[in-house]
Amino acid sequence: MEKPSHNYFSPTRIRTQDLSAAVVLVPCTLTTTPPRQSSKVVKGSTEYAKMPPIFQMDPFEECFFEPGGMYCTVDFTLVTDSPTPLMDMIREYSEPSSKRFNHSKLTYGICVTKSCTNYNSTDLRLRLESCLNDTMWDEYGLKTNVPEKFYCEDGEKTMDVTPADIVVAFIVMFLFLLNFIGSSYDFCCNPDKDRGVKFLLCFSIRRNWIKLVTPTADTPEPRLKRLKSFNGLKVISICMVIFAHSIFIGAYFVNNTAFVEGEYNKLPYQIIFNGTIIVQKFFIVSGFLLAYNLQLYAEKHALDWKVIVKAIVLRWLRLTPAYAIVLGFVLTWYRQLGTGPIWQKVAGTEVTYCRETWWYHLLYLNNYLDGSECLSHTWYLAADTQLYILGVLVWVVCRSARSRLVVLSLLFVAGMVIPAVITYIHDLDGAVIVSPEATRGFYVHDQTYIQVYSRGHTNIAGYVIGMALGYLIHYAQAADFNPQKYKKYHVCVWLTLPLGFIVVGAGKVFYADERASLAERVAAAALLKPIFGFLVAICLGSSVLKFENIYRGILEWRVWTPLSRVTYSTYLLHYVFVKYFIGNQVTLLHISFMFVSFIFMGTIFIGFLAAFPFYLLVESPLAQLIKLCLPVGREKTKEPEERKQETTTTYSSREHL
Ligand SMILES: *[C@@H]1O[C@H](CO)[C@@H](O)[C@H](O)[C@H]1NC(C)=O
Ligand SMILES: *[C@@H]1O[C@H](CO)[C@@H](O)[C@H](O)[C@H]1NC(C)=O
């Protein structure tokens, strides 16, 4: 066989890779005392040195210095014609899939015109495959299998502007223009709130800013002010969500995969890896607000079927405009903004899926759409909307306290049974496992994520706990509940935080070398969410009733208030930034604790930094505009009493996140 002139693994590069793996996994080998760690770790490192690296990237820009340069990013698998010890070892090493990469699936960025010069096949796939076959054979005695789908760049940047791009650009420009006019109008004419041109005042940045920073603005209902602690909870939770998403960066094109795998054995990281349960907090807050606001509404109004329609329509109108703008941007201009070996693979895929499925998103059904990579984080909005509709139906159909008790109990049981049954039938994991491979694939094909984590009907338990809590709190406030009598139970509230950590940490069993037994997984699927839900509910309930002051003090801190108002914008935007960061990577990253910390802080900072203008220019003006246009909005000005109640109904849709 002809040897390739340009061997595309330079020997120095291989050596560095070995060294980093060895240093990370066996720090003790440098000292004279024998390593105290289990022999498995040491064995792992010698194994590690023999395996081809999972990620490799030829220099990207240099590839296009010569005219006609061609750069391809390929996901390929290692194969052998006959069994070899190395291949067996790779298979065995990748076996605990919860914490190991699959070392037979590699992703390489290859400058075809430099690294594979000796191959002239016109079929690019065959050219890549024979090139990889030869390099892998020389170095490792392995062959490769290149799939049909891979991504290539020829370095020529073409700006193709489609009609959709122009429409979106026009809409955004128009919004800016309205903001400019509205703000100038407000600034120059200083009109009275009730007599000025209301339509324009919706777009006054000054007014929106005041709304944003005023403590608990526009809540005439004093009881709603008691919900201040939700602000802290929402901000803290959204930061955790951002953190969870910034983890994606650690599984994408890193040169120290050994470090990433090693982290799974450390307890603190377990808290992070099992953090997917955190999202239950949002369901609880959402269920609480729904029940509580409907109770307030019912004090003065009949709960008839019209409430159902109104609640659903208001919610849709509240969530959709800002969401549609983000979606519109991803559909159109986003693809133009990046370059790099994996831009097509990461962002291009996202855009393709969004073009096919955007209307599922606008109908909030996208969490029942499997395999889509379009803004995957918005599964939560869909699930929450579905549960919201369920909640409103239950509340309006069952009006007596007894029937509500019965139905909520039944739903709660269903909320435990359904995930358990689905876990049993499909042989899933007890919770989403943040494995390197699942993260590398953005969970698109992770069955636990698809079947249990992201559906509406599998998240009923948390929502029902929230609704029950809202109902109870409303009842307790009406009955003038005096918490001072129960002071000695403070410790129960304080315990919720450590217990919460224990529940989260309990997920460590899923990261053992052996997969957890089916019984354990089913039990976890049934119980983790409700237990965590109860802990959150205790914490929240005690804050609302001013039962306990330490957690309440933290959650009601004034700084949270403006931040909590932009959480929806932050939520919508941060994921786009994370994907943008990943997609623009041109070299392999070296992951370390500090690096991940910086990424985390940076994503939070950028997320909020972008959320403020987005809220001021898009979210808040459009929300007000809709209120102004709706028939319910117009009624408001006629009857002050009605208006007050309206504010409270819309509150639930406003404060969902
Ligand atoms: C790793 O990937 C290969 C090829 O797709 C697959 O056959 C194998 O089952 C995977 N190994 C694990 C442990 O998932
Ligand atoms: C690469 O090696 C595999 C395994 O031997 C073989 O099936 C495949 O045809 C080879 N590809 C090319 C292009 O030669």
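A polar contact is taken here as a pair of N or O atoms within 3.5 Å. The model is predicted. Two ligand sites, two helices and three loop residues are described in turn.

Ligand 2 meets that criterion at Glu 129, where a polar side-chain atom lies 2.7 Å from a nitrogen atom of the ligand. Asp 81 also places a polar side-chain atom 2.7 Å from ligand 2, in this case from an oxygen atom. Asn 133 contributes a further pair: an N or O atom of its side chain is 2.4 Å from an oxygen atom of ligand 2. The protein covers 60% of the 360 Å² of accessible area that ligand 2 has on its own. Two elements each give two or more residues to the surrounding shell, namely helix H5 (124-140) and strand S4 (143-145). H5 gives the most, with four residues. The full shell consists of Val 79, Asp 81, Leu 126, Glu 129, Ser 130, Asn 133, Lys 143 and Thr 144. By class, two of these residues are nonpolar, three are polar and three are charged.

Ligand 1 is surrounded by Thr 77, Ser 94, Asn 102, Ser 104 and Lys 105. Asn 102 brings a polar side-chain atom to 2.3 Å from an oxygen atom of ligand 1. For Ser 104, the corresponding separation from an oxygen atom of ligand 1 is 3.5 Å. Of the 360 Å² of accessible area that ligand 1 has on its own, the protein covers 50%. The shell around ligand 1 holds no nonpolar residues, four polar residues and one charged residue.

His 103 lies in the loop between helix H3 (85-93) and strand S3 (105-111). Its relative accessible area is 1%, so His 103 is buried, the limit being under 20%. The C-alpha atom of His 103 is 9.7 Å from that of Met 89, a residue 14 positions away along the chain.

Two helices were examined for length. Helix H16 (residues 379-397) has 19 residues. From first C-alpha to last, H16 reaches 27 Å, close to the 27 Å expected at 1.5 Å a residue. H16 is mostly covered, with 15 of its 19 residues buried. Helix H26 (residues 593-629) has 37 residues and should span 54 Å at 1.5 Å a residue. The end C-alpha atoms of H26 are 50 Å apart, which agrees with that expectation. H26 also contains a kink of about 55 degrees, centred on Tyr 615.

Backbone geometry was considered next. Most residues other than glycine have a negative phi. Phe 253 is not a glycine, yet its phi is positive, at about 55 degrees. Phe 253 lies in the loop between helix H10 (229-246) and helix H11 (257-263). With a relative accessible area of 0%, Phe 253 is buried. Lys 546 likewise has a positive phi of about 55 degrees and is not a glycine. Lys 546 is placed in the loop between helix H22 (518-544) and helix H23 (550-555). The relative accessibility of Lys 546 is 41%, which lies between the limits of 20% and 50%, so this residue counts as partly exposed.

How values were computed
Residues are numbered from 1 along each chain as its sequence is written. Chains are lettered from A and ligands numbered from 1 in the order in which they are written. This is a predicted model: local features need pLDDT of at least 70, side-chain atom pairs count only at pLDDT 80 or more; totals for chains, interfaces and linings use all residues. Side-chain values use heavy atoms; hydrogens and water are left out. The expected span of a helix is 1.5 Å times one less than its number of residues. The bend at a residue is the angle between axes fitted to the seven residues ending there and the seven starting there. A residue is near a molecule or strand if one of its heavy atoms lies within 4 Å of it. A polar contact is a pair of N or O atoms within 3.5 Å; within protein, one must be able to donate a hydrogen and the other to accept it, and residues adjacent in sequence count only if both atoms are side-chain atoms. Accessible areas come from the Shrake-Rupley method with a 1.4 Å probe; for residues, only the protein chains shown count as cover. Ala, Val, Leu, Ile, Met, Phe, Trp, Tyr, Cys and Pro count as nonpolar, Asp, Glu, Lys and Arg as charged, and the others, Gly among them, as polar. Buried means under 20% relative accessible area, exposed over 50%, partly exposed in between (1.4 Å probe, protein chains only).
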